[in-house]
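Reader: Could you take me through this fold and show me how each label is earned?
Author: Gladly. Let's look at it together first.

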Amino acid sequence: FQDFFRIELMLRESVGLGELELIEDDMAITDAVRDARATDVLEVVPGGLTGSVGRGYTKGTDLSGGQWQTVSLARCVMRRHPLLQILDEPAAALDAAAEHALFERFGSSAEVAARERGGATVLISHRFSTVLMADTIAVLAGGQLRERGSHRQLMLNDSLYAELFRLQSRAYHY
């Protein structure tokens, strides 16, 4: 999501491409938009789901970076039962409230996918607060795997992860 696609079509298509079988299902698309906290996009695009987004091909509505990111998230939410989700800095352009809601949604989705279908979620993040829910954290540095374990294990190791976690958490203790 750090480098998400801006699919400049009708809003319905831009979101619905996440699950082609549901691209004409207004209820499924509206639910995905709501779950991704992108309802403000529905309000600013004339015609709602049938309105165009972007100006590359039509005179559609130009969205902000955060709005484009929530449309991309809605596209991801369309896929209700993924076996593999890869989220690369999914909250990069979101405010704190939207980020919190996003991680609650994907956290519960990841748990269900793992429990019911053996699915896996890979979350790539530089924000240590976002990886606390992970079963396993992999720390990469210099293109190599430096550490791997739960948050608790990595904090007990008192190595790179613990150092960086403490560095980031200092900003919250003033």
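**How the labels are earned**

Author: This is a predicted model, and its protein chain has 7 helices and 4 strands.

Reader: What is the order of the elements from the N terminus on?
Author: The protein chain runs α-α-α-α-β-α-β-β-β-α-α.

Reader: How do you know that the length of helix α4 agrees with that of a helix?
Author: Helix α4 covers residues 65-78, which is 14 residues. The expected span is 1.5 Å times one less than the number of residues, so α4 should span 20 Å. Its end C-alpha atoms are 20 Å apart, and therefore the two values agree.

Reader: Why is α4 called largely enclosed by the rest of the structure?
Author: Buried means under 20% relative accessible area. In α4, 11 of the 14 residues are buried, so the helix earns that description. Among them are Trp 68, Val 71, Leu 73 and Met 78. The buried set also includes Gln 67, Gln 69 and Arg 75.

Reader: And what share of the 174 residues of the protein chain counts as buried?
Author: For the protein chain, 40% of the residues count as buried.

Reader: What part of the contacts with a separation of 6 or more comes from residues 24 or more positions apart?
Author: Such residues account for 56% of those contacts in the protein chain, where a contact means heavy atoms within 4.5 Å.

Reader: How many side chains are positive and how many negative?
Author: There are 18 positive and 24 negative side chains, and the centres of the two sets lie 3 Å apart.

Terms used: Residues are numbered from 1 along each chain as its sequence is written. This is a predicted model: local features need pLDDT of at least 70, side-chain atom pairs count only at pLDDT 80 or more; totals for chains, interfaces and linings use all residues. Side-chain values use heavy atoms; hydrogens and water are left out. Helices (H or I, at least four residues) and strands (E, at least two) are DSSP runs, numbered from the N terminus. Buried means under 20% relative accessible area, exposed over 50%, partly exposed in between (1.4 Å probe, protein chains only). Lys and Arg count as positive and Asp and Glu as negative; His and the chain ends are not counted. The place of a charge is taken as NZ of Lys, CZ of Arg, CG of Asp or CD of Glu.
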